[in-house]
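User: I have some questions about how the terms used for this model are justified. Please set each value against its criterion.

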Amino acid sequence: MARYSAFSIFRNALSGQKNWQRAWRAAEPKPSYDVIVIGGGGHGLATAFYLAENHGIRNVVVLEKGYIGGGNVGRNTTVIRSNYLLDGNTQFYEFSMKLWENMSRALNFNVMFSQRGQLVTAHSADQLDSFSHRANIMRLNGIDADILDRDEVRRLVPYLDFSDTARFPIHGAIFQGRAGTARHDAVAWGYARAADGHGVDIIQNCEVTGFLRDGDSIVGVETTKGRIGAGKVGLAVAGHTSVLGAKAGLELPIESHVLQAFVTEPLKPLVDQVVAYGADHFYVSQSDKGGLVFGGNLDGYNSYAQRGNLGVVREVAEAAIALMPCISRVRLLRHWGGVMDMTPDASPIICPTPIGGLYLNGGWCYGGFKATPASGWCFAHTIATGKPHPLIAAYGLDRFRTGHTLDEAGAGPSAWLQ
Amino acid sequence: MLRIECPCCGPRDHDEFRYGGDASVTRPAHDDPDPEAWYRYVYVRTNPAGLHREFWQHVIGCRQWLVVERDTRNHAIASVDLARKLSARKSPARKPPA
């Protein structure tokens, strides 16, 4: 794999930019591999990369039913933060943040990680108290967090509704300066290229249709490109975990729901940070092209359709205008949907499974993008050693049986209300 | 928009309804001591990509709970019925008055 550098750009300029290599090979499946990773999204590709990079396991294949970057890794709103409250989440997402901070260098691929900061507005004294609680927990874990009063918020984001008629007046905010965004396609491409550089095969348009078994253990997969044997199989297909899990014989506490995202026509620079609305479910950032990228609630009923419904468009627009009246006449350019694995506590599941040879990475709800590097790192460790990485000890499948759920929002077990 | 054919009110926009989740799970008997039964009732879902039996309540209408069979891939609705007609835990059938 030729490294990208200022010099390589210069050298290729001399030959008219015609001699760039493909970022990764178009591989054909071999009869068997040490590890099969099902799902060529961010998590699957990161898993394959870290299997090779950290554990020296290079006889690995990533099977993707569509194309690289066509699933949720290319459909999210690209927000990265580590402002989690509960032990297990706090440390995991901060580890992820540290990997983000070095990702472009580690992958030799510019993922355009931009630590522009994220703030969540507080709309009552009580909410600001709860944010202080969160900020203290973050600081005790060595994570940056600041509590801003109303005037400080106003200086930072003067375009929010600070008028006397605001439905939910802004009392303050919690701010994480190291939070930000990254270019999500580049994350998929960067991991794919780096994994390929370690010898990992990436096979697109190859859907897994079933599992090969030897007794109770899984020893490979049936695909639309034939049978492939494997020492171990890792499932990283969030959105469709239940579908493949059922084929493997796993019973899962997961429902699939659709989450929409939106982008407006391009504007001059307006939103310098990631801004989240504390009084409703709405968050916004501005892309490098100028579009406001935002999202809100789930559509709220089980769905495998990668498109959403108009009722939620209206709800999200209402929240947007309540927080930022200045964008009331901005036109929506596009909106799209992605299918989420929703768990009953809105926390992910990464663990070995009761089925021999099968490892599970799913249940990412609407928060999987920011977890991409840590998820891959810890899942690779779990597959390589057969034991959960300490950072994902809280993400076992059995936590629902034993009552050790990580319900960050305290929303209870109805997946569609998380 | 989904359009749900309410048995009482006719075809209505799904925004008038509240979603109630998977209707294929049955609550264990109140005195069931088996934690596994409760685990399965509260958490385990088949989550099919295809026909899904689910509860909807017509909150801005007749307020009846319905069981809707809907394809989760394309939202085509196959059937709608009153939940109480389909309930697995019916109260004992009343004898007709003598």
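User: What follows α8(A), and what is the sign of its phi?

Analyst: The model is predicted. In it, Gly249(A) comes after α8(A), and the phi of Gly249(A) is positive, near 95°.

User: Which residues of α8(A) are buried, and why are they said to line one face of the helix?

Analyst: Thr241(A), Ser242(A), Leu244(A), Gly245(A) and Ala248(A) are buried in α8(A). To be called buried, a residue needs 20 or more other C-beta atoms within 10 Å of its own. Viewed down the axis of α8(A), the buried residues fall within an arc of 170°, so they line one face of the helix.

User: What makes β6(A) a mostly covered strand?

Analyst: The count by residue: β6(A) spans residues 172-176, and five of its five residues are buried. Gly172(A), Ile174(A) and Gln176(A) point one way, Ala173(A) and Phe175(A) point the other way, and all are buried. The general background is that side chains in a regular strand alternate between the two faces of the sheet.

User: How do you know that β6(A) pairs with β4(A) and with β5(A)?

Analyst: Two strands pair if there are at least two bridges between them. β4(A) and β6(A) have five bridges and pair in the antiparallel sense; Gln118(A) stands opposite Gln176(A) in β6(A). β5(A) and β6(A) are joined by four bridges and also run antiparallel, with Asp149(A) opposite Gly172(A). Set against the cut-off of at least two bridges, five bridges for β4(A) and four for β5(A) qualify as pairing.

User: In which sense do β4(A) and β13(A) pair, and over how many bridges?

Analyst: β4(A), residues 118-122, and β13(A), residues 274-276, pair in the parallel sense over three bridges. Within this pair, Val120(A) stands opposite Ala276(A) in β13(A).

User: What makes the pairing of the sheet mixed, and what is the strand order?

Analyst: The eight strands form an open sheet in the order β5-β6-β4-β13-β14-β15-β12-β16 of chain A, with mixed pairing. Both senses occur in it: β4(A) with β13(A) is parallel, and β4(A) with β6(A) is antiparallel.

User: Why are β5(A) and β16(A) placed at the edges?

Analyst: β5 (146-149) and β16 (332-342) of chain A each have a single partner strand, so one side of each is left without a neighbour in the sheet. The twist from one strand to the next averages 25°.

User: How many residues of chain A are in contact with chain B, and which element gives the largest share?

Analyst: A contact requires C-beta atoms within 7 Å. By that criterion 22 residues of chain A are in contact with 17 residues of chain B. Elements of chain A that give two or more residues to this side include α8 (241-248), β12 (255-264) and α9 (310-323). β15(A) gives the largest share, three residues. By class, this side of chain A has eleven nonpolar, eight polar and three charged residues.

User: What is the pattern of chain B along the sequence, and what share of its residues counts as buried?

Analyst: Chain B has two helices and six strands, in the pattern β-β-β-α-β-β-β-α. Of its 98 residues, 16% count as buried.

Definitions and conventions: Residues are numbered from 1 along each chain as its sequence is written. Chains are lettered from A and ligands numbered from 1 in the order in which they are written. This is a predicted model: local features need pLDDT of at least 70, side-chain atom pairs count only at pLDDT 80 or more; totals for chains, interfaces and linings use all residues. Two residues are in contact if their C-beta atoms, placed from the backbone, lie within 7 Å. Ala, Val, Leu, Ile, Met, Phe, Trp, Tyr, Cys and Pro count as nonpolar, Asp, Glu, Lys and Arg as charged, and the others, Gly among them, as polar. A residue is buried if 20 or more other C-beta atoms lie within 10 Å of its own, exposed if 12 or fewer, and partly exposed in between; C-beta atoms are placed from the backbone. Axes are lines fitted to C-alpha atoms, for helices over the stretch in contact, and angles run from 0 to 180 degrees between N-to-C directions. The arc is that of the directions from the helix axis to the C-beta atoms.
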